[in-house]
Amino acid sequence: MKRIKSMLGRLLSKRSDKYGWSGDYSSWDKARAIAGGYDQQVILERTAGAMLKVKNNEAAYERDSVLFNKKEYPHALIAFLIYSATIRRAPLHILDFGGSLGTTYYQIREFLTAENCASWNIVEQEHYVHTGNRDFSDERLKFYSSIDDCMKDRAIDFVLLSSTVQYLEAPHVFLKELAERAFDFILFDRTAFNKDRQDRITLQRVPPEIYPASYPSWFFHEDFFLSHFSGRYKVVAEFPSYVDGESEMCIDGKHKGICKGFFLINSQKYA
């Protein structure tokens, strides 16, 4: 376990070998043509096996199918969840977009009180939704295959996107639509940005000891990324990734990326 944890840390920071991020592709399709994808069954199986250990209190928490004996808390997320519930004066219905089988929910569930969390709703790929609702859902945690399906059941107040947007084929279309939905609060965590002033499409290769996969991954131009929310949202705070070694990200062995987050409030609802 220590060896895998160490490997994951090196992958997310300073590794320059065949694992990590590489390339500067002109299109998502060109990167995807040589990638292994993210919907492979083996990834779901390894993640589900690890998450069951967390659910059964046999491990502290899981990230990318890797188990940890001690939690690393996303302090910014916890703080802004509590802050959002406070200014809204009601517990939040939270949408965790791309939340796997409940990684973040189980990571911070001791902080999710009746005063700040009414429900935690994960939007994921269909095979994750099936496994999630069968093996991991509870009175607050539910799984859906789309934002619209989720919103048929409840109105969402707070949207979490943690290490998610960079793996979407058309992220800017998604971000524009997200802004137009006018949720009260949006928190981006562990999101990859390019130090150069342009978007960059790379290929991310994961060490097989974690799971055998490779997939396209964006590094965003920060100003363009945030421009989708201009006029409707106020950027209240930005903060570094809570994951050790993730603040500086290497592309082709060079420090070209940074991983961080932003907390946004709907300024048309909260002055």
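## Helix 3 and what follows

Right after helix 3 comes asparagine 57, and its phi is positive, near 60 degrees. Keep in mind that you're looking at a predicted model here. Helix 3 itself runs over residues 41-55. Its 15 residues stretch 21 Å from the first C-alpha to the last, close to the 21 Å expected at 1.5 Å a residue.

Which residues of helix 3 are buried? They are Ile43, Leu44, Thr47, Ala48, Ala50, Met51 and Val54. Several elements help to cover them, including strand 2 (61-63), strand 3 (66-68) and strand 10 (213-219). Helix 5 (103-108) and helix 6 (126-135) are also among the elements lying over these buried residues.

## A closer look at threonine 47

Threonine 47 is one of the residues of helix 3, and it's a good one to click on. Why does threonine 47 count as buried? Its relative accessibility is 3%, and the cut-off for buried is under 20%.

So who are its neighbours? Setting aside residues up to four places away in sequence, threonine 47 touches Glu62, Ser65, Ser100, Leu101 and Tyr128. Glu62 falls within strand 2 and Tyr128 within helix 6, two of the elements that cover the buried residues of helix 3.

## Lysine 71 and its polar contacts

Next stop is the loop between strand 3 and helix 4 (75-88), where you'll find lysine 71. Its side chain has a polar contact with the side chain of glutamate 110, at 3.0 Å. The lysine 71 side chain also reaches a backbone atom: the oxygen of glutamine 107, at 2.9 Å.

Both of those partners turn up again in the contact list of lysine 71, which leaves out residues up to four places away in sequence: Ala60, Tyr61, Tyr106, Gln107, Ile108 and Glu110.

## The loop before helix 8

Now jump to the loop between strand 7 (158-162) and helix 8, which is home to glutamate 169. Is glutamate 169 buried, exposed or partly exposed? With a relative accessible area of 42%, glutamate 169 is partly exposed. Leaving out neighbours within four places in sequence, glutamate 169 is in contact with Trp28, Asp29, Arg32 and Trp218. With arginine 32 there's a polar contact too, side chain to side chain, at 3.2 Å. For a sense of distance, the C-alpha atoms of glutamate 169 and phenylalanine 262 are 21 Å apart, with their positions 93 residues apart along the chain.

Serine 163 sits in that loop between strand 7 and helix 8 as well. Serine 163 isn't a glycine, yet its phi is positive, about 50 degrees. Its relative accessible area is 21%, so serine 163 is partly exposed.

## Helix 8 and its buried side

Helix 8 covers residues 171-181, and its buried residues are Pro171, His172, Phe174, Leu175, Leu178 and Ala179. Where do they sit around the axis? They span an arc of only 155 degrees, so they're on the same side of helix 8.

Just past the end of helix 8 is alanine 182, in the loop that leads on to strand 8 (185-194). Alanine 182 is another residue other than glycine with a positive phi, near 60 degrees. Because its relative accessible area is 16%, alanine 182 counts as buried.

Conventions:
Residues are numbered from 1 along each chain as its sequence is written. This is a predicted model: local features need pLDDT of at least 70, side-chain atom pairs count only at pLDDT 80 or more; totals for chains, interfaces and linings use all residues. Side-chain values use heavy atoms; hydrogens and water are left out. Buried means under 20% relative accessible area, exposed over 50%, partly exposed in between (1.4 Å probe, protein chains only). Helices (H or I, at least four residues) and strands (E, at least two) are DSSP runs, numbered from the N terminus. The arc is that of the directions from the helix axis to the C-beta atoms. Contact means heavy atoms within 4.5 Å. The expected span of a helix is 1.5 Å times one less than its number of residues. A polar contact is a pair of N or O atoms within 3.5 Å; within protein, one must be able to donate a hydrogen and the other to accept it, and residues adjacent in sequence count only if both atoms are side-chain atoms.
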